[in-house]
Amino acid sequence: MRHLTEGIHRFQRDVFPDKSGLFAQLATTHQPGTLFISCSDARVVPELITQADPGDLFVIRTAGNLIPAYAPGSDGVVAGIEYAVAVLGVKDVIVCGHSSCGAMTALAEGQDLTGAPAVADWLRHADASRARIAADTADEEKVPALVRANVAAQLANLATHPSVARALAEGNVRLHGWVFDIPTGTVEEVDDVTRPAAAA
Ligand code: ZN
């Protein structure tokens, strides 16, 4: 914890002065161009891997970067998506999975989650992701294949949200799927789980 409070001091001393103009502008303006939905995993840092400035990304992070398909009722994820798309008017939505994802590993390996019932429940939102994996996928390929399939499945879930469906129909938003590879720092684009293509 101490390194975090020391980090605040370093931020105020070494970083903030150079960006004080930006923060002054951001004090009264919130116009992010992108909704970035990633896993809560500590190793995935959206602003770092995209080199985004404060104010650029509206970020939602969930375990396994899962986006439940739309269902009426109040929900933090639903509200965050709706606010970003319908109110802030973001032009791009990125769903970003990553290598060695704990959630995808638990699913791929069929780990016993009886000690974490809420996690087990939450991971049901990846049922369609699992269903997209070929039954004959080699063991060592299961986690990476599931990570990619899950990004594609969550993009499909995203499109069930009325705010997103409306923006898509009006041509006001584009959806993108990414997978961040932790050991190499590379990002692979996933526009179709059966046809992953190198991106950046
Ligand atoms: Zn993860």
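This text leads through the two domains of a predicted model, the contact between them and a zinc site. Residues are numbered from 1 along each chain as its sequence is written, and side-chain values use heavy atoms, with hydrogens and water left out. Because the model is predicted, local features need pLDDT of at least 70 and side-chain atom pairs count only at pLDDT 80 or more, while totals for chains, interfaces and linings use all residues.

The protein is divided into domain 1, residues 1-30, and domain 2, residues 31-198, with bounds that come from an automatic or database domain assignment. Taken over C-alpha atoms, the centres of the two domains are 29 Å apart, and 6 residues from domain 1 meet 7 residues from domain 2 in the contact (heavy atoms within 4.5 Å).

Between the domains about 540 Å² is buried, with 67% given by carbon and sulfur atoms; this buried area is the accessible area (1.4 Å probe) that two parts lose on being put together, summed over both. Of the area that domain 1 buries against domain 2, L22, L26 and H30 supply 74%, more than any other three residues.

The count between the domains also includes 1 salt bridge, meaning a side-chain nitrogen of Lys or Arg within 4 Å of a carboxyl oxygen of Asp or Glu. The side chains of K19 and D53 form a salt bridge, at 3.0 Å from N to O.

The zinc ion is coordinated by C39 (SG), H98 (NE2) and C101 (SG) at 2.1 to 2.3 Å, where donors are N, O and S atoms within 2.8 Å of the metal (3.2 Å for Na, K and Ca), and, as water is not among the atoms, sites may look incomplete. Along the chain these donors follow the spacing C-x58-H-x2-C.
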